[in-house]
Amino acid sequence: MKCITIDPITRLEGHGKIEIFLNDEGNVEKAYLQIPELRGFEQFCEGRAAEEMPRITPRICGVCPTAHHIASAKALDDLFKVEPTSPAKKIRELMYSAFVIEDHIFHFFFLGAPEFITGLKVPAAQRNILGVIDKVGLEIGGKVIEVRKRTRKIITLIGGKVVHPVCGLPGGVSKVLTEENRKEIKDAAEYAVEFGKFALKLFDDVVLKNKEYLDLIAGDVYKHRTYYMGLVDKNNKVNFYDGDLRVVDPDGKEFAKFNPRDYADYIEERPSVWTYVKFPYLKKIGWKGLVDGKDSGIFRVAPLARLNASDGMPTPLAQEAYEKMYDVLGGKPVHNTLAFHWARLIESLCGAERMLELAKDPEITDPNIRNIPTEIPTEGVGVVEAPRGTLIHHYKTDKRGILTDVNLIVATQHNAPAMCMSVEKAAKSLIKEGKVDDALLNMVEMAFRAYDPCHACATHSLPGQMPLEINIHNSEGKIIKTLEQS
Amino acid sequence: MKTLILGLGNPILSDDAIGIRIVQELKKVIPNADNIDFVEASIAGISILDEITGYDRLILIDSIRNRKGNAGEVYKMKMKDLNITAHLASSHGMDFVTAIELGQRVGYQIPKVIDIYAIEIENNTIFREKLSSKVETSIPKIIDTIMEENKGKF
């Protein structure tokens, strides 16, 4: 075996790359964020049987496989024109609630919280879960691990596999839940409800009671007046699994509410010359560039967007927390990007309460778990609220069910235009007359974390956490400084 | 000694699958595998902790891309190098070293011996089920290297 110098490529081409262009005075003219995309997924799928999709699509992403699996199963329901039975819908929603809890808790404690709990000025190397444990105690670290373990066990129990679930079928699910399963799920849900309450209390004590943090959350940093989108139930309450897509304007008024099947009437995608990502925007408002406001078609998704787009939470404790957040932050809608973290914890509690409701529902052990499809397939759309926001799967097939066209719009894509705006705002506040404040990298990173972009969705092979490179160009386009996260 | 041979990668993302392919091949050639578990996983970061807990020894196979790398080359790495292979770091979450330390602090049984083999790859951005030809043809050599390295240990 040879001894070589290891010099790994720290990013894929275009990954997490930011280009900032200065004008003659050395101030920011424009900033661009490039998010990469893996290529060839649509072509990979075309020519395959549509019913393979719930098993293939979770392989796009190691972070939200359950979201892809359920969105895909729902797209197959629509494609084969079959309504799942009521117990099947409940079993799917139960698994999905466990996934939302796990993902949100993981994100908050492992990615978001270190910024707030360990302190904003602590070196990057200590801003992680170990830093959080040092600050709040090992016991809390143990609880985080325990709630993750229990919810993942429930996903495995229902989905077959936690990383790549296999239970979703057109018209239902593959496995009946036993009374013994139900009891185990109920225990896990009760633990998750208690943990959800505890997490919000911790947020209250550590973050909200600290003026510096509260000012940061409520301040103008990363504040963008955009439209917001999310799934709502028939009472306009947040729903992760099903419902209509609702869009509210920057004043919080309902702009549109539609069946997800009609998404293409409301959302258009716009290709750009400088990134693989196609920017979605509201078709009826139009694309006005990377700007916010009522006249710009840019909208946001994910936890805060879902809360803004709804009239409340479907469960009592989450509703209390929802009301408190809007009281503290001055009413609806909240445009402050860092409030995504708070909204995430509220949703996690909501997921736990919903999981408990479903675990207590006698229908959950009903063996009537599937309607068999009998219709000829043509076209289907499936939508769920992934933890990171609205996820759309759209398939077209020939009459044999062989895929002829596949379109996926993932959450990070919906938020990509807003992320670009956040980057530009941070750049404008920290670069003056050619002088670059060293805080730039951290500020950009904080905005990223709030959106929780699913880079893993696009890129599996990335050394380092959230690799990021910022190139600053002078007015002649020459690179004058490069900042890299080590 | 209870050993885990863990291959990491995505089986439909071109060369990203190499860790999984190598585990499949090792399973065929390791003679006495009573105390060895072979696991293929498409995971990164903290999820690796779920797989490795309870073993005495861990052999990890993952992919890597170096700036001037030669596809198919295999490198044996130490703990201090752990953050730079494809799936031991995670673009979304925590790296493997942090995960190991977290596991130790909360009392998980973490393998005392950890060996990592990283295989130089060419492409991990295009969805397809085949490896690139350079990586595919290197598989026998990679297996020989790993078997030679571990002579008498399997």
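What follows is a chat about a predicted model with chains A and B.

Biologist: What kind of model is this, predicted or not?

Modeller: This is a predicted model.

Biologist: Start with chain A, then. How many helices and strands are in chain A?

Modeller: Chain A contains 15 helices and 17 strands. The radius of gyration of chain A is 22 Å, close to the 23 Å from the globule rule for 486 residues, so chain A is as compact as a globular protein of that length.

Biologist: What does the C-alpha trace of chain A span along its principal axes?

Modeller: About 70 × 65 × 50 Å.

Biologist: And what share of the residues in chain A is buried?

Modeller: Buried residues are 62% of the 486 in chain A. The exposed area of chain A is about 18,200 Å², with 49% of it supplied by carbon and sulfur atoms.

Biologist: What about contacts between residues 24 or more positions apart in chain A?

Modeller: Such pairs account for 68% of the chain A contacts with a separation of 6 or more.

Biologist: Let's go to the sheet with strands 11, 12 and 13 of chain A. In which order do they come?

Modeller: The order is 11-12-13, in an open sheet of 3 strands with antiparallel pairing. Strand 11 (379-386) and strand 13 (403-409) of chain A are the edge strands, each pairing on one side only. On average, neighbouring strands in this sheet are turned by 10° against each other, direction ignored.

Biologist: Which helix packs on the sheet?

Modeller: Helix 3 (residues 65-79) of chain A, which touches strand 11 and strand 12 of chain A. The direction of helix 3 makes about 150° with that of strand 11.

Biologist: How many bridges are there between strand 11 and strand 12 of chain A?

Modeller: Strand 11 and strand 12 of chain A pair over 8 bridges in the antiparallel sense. One of the bridge pairs is A:G380 with A:Y395 in strand 12. A hairpin also joins strand 11 to strand 12 of chain A, through 2 residues.

Biologist: And strand 12 to strand 13 of chain A, how many bridges?

Modeller: There, 6 bridges join strand 12 (residues 389-397) of chain A to strand 13 of chain A, running antiparallel. A:H394 has A:N407 of strand 13 as its bridge partner.

Biologist: Strand 11 of chain A is an edge strand. Why would you call strand 11 of chain A largely enclosed?

Modeller: Because 7 of its 8 residues are buried, strand 11 of chain A is largely enclosed by the rest of the structure.

Biologist: A:E385, is that buried or exposed?

Modeller: A:E385, which lies in strand 11 of chain A, is buried because its relative accessible area is 0%, and the cut-off for buried is under 20%.

Biologist: Which side chain does A:E385 make a polar contact with?

Modeller: The side chain of A:R306, at 2.8 Å. Beyond four places in sequence, A:E385 touches residues including A:Y96, A:N239, A:F240, A:R306 and A:T390.

Biologist: Changing topic: where does A:R148 lie?

Modeller: A:R148 lies in helix 6 (residues 138-159) of chain A. A:R148 is buried, with a relative accessible area of 8%.

Biologist: What does A:R148 touch?

Modeller: Leaving out residues up to four places away in sequence, A:R148 touches A:E102 and A:F106 in chain A, and B:I46, B:S47 and B:D50 in chain B. The C-alpha atoms of A:R148 and A:D103 are separated by 8.3 Å, with the two residues 45 apart along the chain.

Biologist: Over to chain B. What pattern does chain B follow along the sequence?

Modeller: Chain B reads β-α-β-α-β-β-α-β-α, with 4 helices and 5 strands. The radius of gyration of chain B is 15 Å, which agrees with the value near 15 Å for a compact globule of 154 residues. Of those 154 residues, 59% count as buried.

Biologist: How are the strands of the chain B sheet ordered?

Modeller: The order is 2-1-3-5-4, an open sheet of 5 strands with mixed pairing. Strand 2 (36-41) and strand 4 (74-77) of chain B are the edges, each pairing on one side only. Neighbouring strands of this sheet are turned by 20° against each other on average, direction ignored.

Biologist: Parallel or antiparallel for strand 3 and strand 5 of chain B?

Modeller: Parallel: 8 bridges join strand 3 (residues 57-64) to strand 5 (residues 113-120) of chain B. In strand 5 of chain B, B:V113 is the bridge partner of B:R57.

Methods
Residues numbered from 1 in each chain as written. Chains lettered and ligands numbered in written order. Predicted model: local features only at pLDDT ≥ 70, side-chain atom pairs only at ≥ 80, totals over all residues. Heavy atoms only, no water. Pairing = 2+ DSSP bridges. Axes fitted to C-alpha atoms, helices over the stretch in contact; angles between N-to-C directions. Contact = heavy atoms within 4.5 Å. Buried < 20%, exposed > 50% of the residue type's maximum accessible area, 1.4 Å probe, protein only. Polar contact = N/O pair within 3.5 Å; in protein donor to acceptor, adjacent residues only side chain to side chain. Rg over C-alpha atoms; globule rule 2.2 N^0.38 Å. Areas by Shrake-Rupley, 256 points an atom, 1.4 Å probe, with all protein chains shown as cover.
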